[in-house]
Amino acid sequence: MKMLSAKQLFAELLLASGVNPQAISVESKNFISVEFQLGDTLFESDTSLSKELSSSNLYLIASGRVRLLSYAIEKQRSVTLQTLCEGNYFGADPLVFPYPEIPYKAIASSPGRLYQLPAENLIPWLEQAPDLGHYLTDQIMLYQRAAFFRCVSDIQDWTGAKVRSLAGHIVEYAIADETKLEEFFVDKPGIFWLRPGGIQSLVD
């Protein structure tokens, strides 16, 4: 099967995000083709190994497999958040995700090739097509939920598949200071986990 070009893969991403590919002038020369080998570190969300591996860049997988990993402190080991393959993507976190992140990294789990879209090329396209940014944000949110449940929460022993299934059904709420939680959640039945922030129990 013939490998898709960077332009073709990006057009598929635009369609998935609800953006007409004709709305953005994209050329394969806007991307950098990168070959990778088993075990290569391709991306780290909390640091820039180099300008070429910046977490602000967007990475489209043309062939091969890539695992997204985060570190579970209690288990003292890395755990898999997601396994990506041809047509999947990762990156651009600082550009589209305005919330504190649980660090994660992308490691090659086979030889392959990816197309790197430098941040300076991506930023104008995000301004032209806000829906693309929203789509990328939603995907990063899924990775972050998986990282939270597998590395921080009280259900770290759940399997990766079970956690990823749960992550797709989670609803997140931003809660202002001094909010009375009993009143806030009165019409929102369910199980709740606290990410950043703190809760104080008041006794009359």
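**Exercise 1. Locate Ser45 in the predicted model and decide whether Ser45 is buried or exposed.**

Step 1. Ser45 lies in the loop that links β2 (41–44) with β3 (58–63).

Step 2. The cut-off for a buried residue is a relative accessible area under 20%. Ser45 has a relative accessibility of 9% and therefore counts as buried.

Step 3. The surroundings of Ser45 are then listed, without neighbours within four places in sequence. The contacts of Ser45 are Ser55, Asp93, Glu101, Ile102, Pro103 and Tyr104.

**Exercise 2. Describe the order of the elements and the overall dimensions of the protein.**

Step 1. Six helices and eight strands are present in the protein. Read from the N terminus, their order is α-β-β-β-β-β-β-α-β-β-α-α-α-α.

Step 2. Along the principal axes, a box of roughly 65 × 40 × 30 Å holds the C-alpha atoms.

Step 3. Of the 204 residues in the protein, 40% are buried. The exposed area is about 11,900 Å², and 52% of it comes from carbon and sulfur atoms.

Step 4. Among contacts with a separation of 6 or more, 73% join residues 24 or more positions apart.

Step 5. For the charges, the mean position of the 17 positive ones is 9 Å from that of the 24 negative ones.

**Exercise 3. Determine which elements give two or more residues to the largest nonpolar core, and place Leu58 within its contacts.**

Step 1. In soluble globular proteins, nonpolar side chains tend to be buried together. Here the largest nonpolar core has 26 residues; Phe10, Leu13, Phe31, Leu58, Leu60, Leu132 and Leu136 touch the most other members.

Step 2. Two or more residues of this core come from each of α1 (6–16), β3, β8 (112–117), α3 (119–128) and α4 (130–151). The largest share, five residues, belongs to α1.

Step 3. Beyond its neighbours within four places in sequence, Leu58 has contacts that include Phe10, Leu13, Tyr89, Phe90, Tyr115, Leu117, Leu122 and Leu136.

Step 4. Another core, of 23 residues, lies apart from this one; Phe43, Leu81, Leu84 and Ala108 are among its members.

**Exercise 4. Explain why the buried residues of α5 lie on the same side of the helix, and state which element they pack against.**

Step 1. Helix α5 (residues 160–167) has Gly160, Val163, Leu166 and Ala167 as its buried residues.

Step 2. These residues span an arc of only 125° around the axis, so they are on the same side of α5.

Step 3. An α-helix has 3.6 residues a turn, so residues three or four places apart point the same way.

Step 4. The packing partner of the buried residues of α5 is α4.

Notes:
Residues numbered from 1 in each chain as written. Predicted model: local features only at pLDDT ≥ 70, side-chain atom pairs only at ≥ 80, totals over all residues. Heavy atoms only, no water. Helix = DSSP H or I, 4+ residues; strand = E, 2+ residues; numbered from the N terminus. Buried < 20%, exposed > 50% of the residue type's maximum accessible area, 1.4 Å probe, protein only. Contact = heavy atoms within 4.5 Å. Areas by Shrake-Rupley, 256 points an atom, 1.4 Å probe, with all protein chains shown as cover. Lys, Arg positive; Asp, Glu negative; His and termini not counted. Charge placed at Lys NZ, Arg CZ, Asp CG, Glu CD. Core = buried A, V, L, I, M, F, W, Y, C linked by side-chain atoms within 4.5 Å. Arc of directions from axis to C-beta.
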